[in-house]
Amino acid sequence: MTSDNSNQDSRSVVRRQEPPASVTRPLVSPLSPSVVFRAEDADALDAVYEGRAAGYSYAREGHPNASLLADKLAWMEGLDPENGESGVMTASGMAAVSAVLLGLLKSGDHIVAGNQLYGRCLRLLTQDLPRLGFEASLVDASDAAAVAAALRPETKLLLVEVVANPTLRVADVKGLATLARARGLIFVVDNTFTTPRGFQPFAHGADVVVHSVTKLLAGHSDAMLGFVAAKDPAQQQQITEAVVTWGLNASPFDCWLAERGLNTFDLRFERAQANAKALADHLRGLAGVKRVLYPGEDDHPDRDLARDLLQGNYSHMVSFELETGRAGVNRFLRAAGNIAFAPTLGDVATTISHAASSSHRALSEPERLALGISEGFIRVSVGIEDIELLKREFTAAVAAVAQPGA
Ligand SMILES: *Cc1c(COP(=O)(O)O)cnc(C)c1O
């Protein structure tokens, strides 16, 4: 094509064309990477901005892949997207938590949060928010009385994870919901470990639900995303505005991948959960394993809370403690070499993490021990492999702990 041609007939390769006409539609949701959306005229754009017509304008404010995924996740959490109850996608789970705090709080507000939150959330609450004039107190979320004791007149928000990382302690969600209602607090629940398949926070009094979609929901360690939904439309609006203004929005490609991942979510959850239960039982029988943590089991410290809240859905995370120090842990990790030692969770394949050297490395040893995290503490995100393979690999890796020189 020459410039002469384009002068004659006004065509240009840089001008976008409409997609080819088709009486059929794609079966799969199209990926829509467009950053911007064009309108017929100024009135049409006004109608979109004022919510009188469906549409998008600029992708930071929303795009089709984010809407599709947010509606599916909202539906999984028991909301009704067809009646406008939905949430917002964010660039990561941390962006989701940040959007809630930035959207709903103001300087001077006090937050009470679980003391075993995801490591970066703890850092956000204890190091970054104080710089902006927010204060946070961290307490044992399994103990509603301890949470009540930490409340102040200026406390606005309560943030907990249903099942905490990495000790798999269980929050007293019902007790905390009652407390939040009585004291007018916004009750925010991070439902990442449990997933909507295992627990539905809105049905138990949560005001806001947060997810790191990066984990089991997306499930393949190739999309980084978060999700927030609020029950109250005014709060949802404030959170969505924070996402748009602070630039916490999600990428279309990641949303597209995660929506694809959701197709198999139920199957992955069932299989990973069954594997986790079987692996916990198997680990208990191995010499050199000091204790095994799986919510709902007889020896779990929050067994009754877990059984009441999760009704048998104890999800895919198992933690255990080896009777050894760093050298033995290193022998274990090397011997388990086919299982990735990687600081994440929720992948289709099993991954192992070591809290003392990764998620909880910022804590001193006495602080870690107070949480029950010794050097030999191992967290397993159980995948969907054949359980017999996992049992063989863990048997061999635990045996290697007692073989110096291995
Ligand atoms: C991973 C995780 C987060 C943070 O999510 P990212 O997607 O990594 O930003 C928050 N909460 C929990 C419970 C997590 O596991």
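The following questions and answers concern a predicted model of a protein with a bound ligand.

Visitor: What distance separates the centres of domain 1 and domain 2?
Guide: The domain assignment gives domain 1 as residues 33-58, domain 2 as 63-262 and domain 3 as 265-400. Taken over C-alpha atoms, the centres of domain 1 and domain 2 are separated by 29 Å.

Visitor: Which strands stand at the edges of the open sheet of 7 strands?
Guide: The order in this sheet is E1-E7-E6-E5-E4-E2-E3, and the pairing is mixed. An edge strand has a single partner, so one of its sides is left without a neighbour in the sheet. The strands in that position are E1 (88-90) and E3 (135-139).

Visitor: By how many degrees are neighbouring strands of this sheet turned against each other on average?
Guide: The sheet in question is the open one with the order E1-E7-E6-E5-E4-E2-E3. With direction ignored, the average turn between its neighbouring strands is 20 degrees.

Visitor: Which residue in E3 stands opposite valine 112?
Guide: Strand E2 comprises residues 110-114 and is joined to E3 by 5 bridges. The two strands run parallel. Opposite valine 112, E3 places serine 137.

Visitor: What angle does the direction of helix H4 make with that of E6?
Guide: Two helices that pack on this sheet may be described in turn. Helix H3 (residues 64-76) touches E1 and strand E7 (226-230), and its direction makes about 115 degrees with that of E1. Helix H4 (residues 93-104) touches several strands, among them E1, E2 and strand E4 (155-161). The direction of H4 makes with that of E6 an angle of about 155 degrees.

Visitor: What percentage of the ligand's accessible area does the protein cover?
Guide: The ligand is surrounded by 13 residues, the closest being Gly93, Asp190, Ser212, Thr214 and Lys215. Backbone N or O atoms lie 2.8 Å from a ligand oxygen atom in the case of glycine 93, and 2.9 Å in the case of methionine 94. Threonine 214 places a polar side-chain atom 2.7 Å from an oxygen atom of the ligand. Of the 370 Å² of accessible area that the ligand has on its own, the protein covers 95%.

Visitor: Why is one side of strand E8 left without a neighbour in the sheet?
Guide: Strand E8 belongs to an open sheet of 5 strands with the order E8-E9-E12-E11-E10. Strand E8 (289-293) and strand E10 (340-341) stand at the edges of that sheet. One side of E8 is left without a neighbour because E8 has a single partner strand.

Visitor: Which residue in E12 stands opposite serine 319?
Guide: Strand E9 (residues 317-322) and strand E12 (residues 377-381) run antiparallel and are joined by 5 bridges. Helix H15 (residues 387-401) lies across E8, E9, strand E11 (351-353) and E12, running at about 25 degrees to E9. In E12, the residue opposite serine 319 is arginine 379.

Visitor: Is the peptide bond from asparagine 165 to proline 166 cis or trans?
Guide: Most peptide bonds are trans. Proline 166 lies in the loop between E4 and helix H7 (173-183). The bond leading to proline 166 from asparagine 165 has omega near -5 degrees and is cis.

Visitor: What is the value of phi of threonine 195?
Guide: Most residues other than glycine have a negative phi. Threonine 195, which lies in helix H8 (residues 195-198), has a positive value, near 65 degrees.

Definitions and conventions. Residues numbered from 1 in each chain as written. Predicted model: local features only at pLDDT ≥ 70, side-chain atom pairs only at ≥ 80, totals over all residues. Heavy atoms only, no water. Domains from an automatic or database assignment. Pairing = 2+ DSSP bridges. Helix = DSSP H or I, 4+ residues; strand = E, 2+ residues; numbered from the N terminus. Contact = heavy atoms within 4.5 Å. Axes fitted to C-alpha atoms, helices over the stretch in contact; angles between N-to-C directions. Near = heavy atom within 4 Å. Polar contact = N/O pair within 3.5 Å; in protein donor to acceptor, adjacent residues only side chain to side chain. Areas by Shrake-Rupley, 256 points an atom, 1.4 Å probe, with all protein chains shown as cover.
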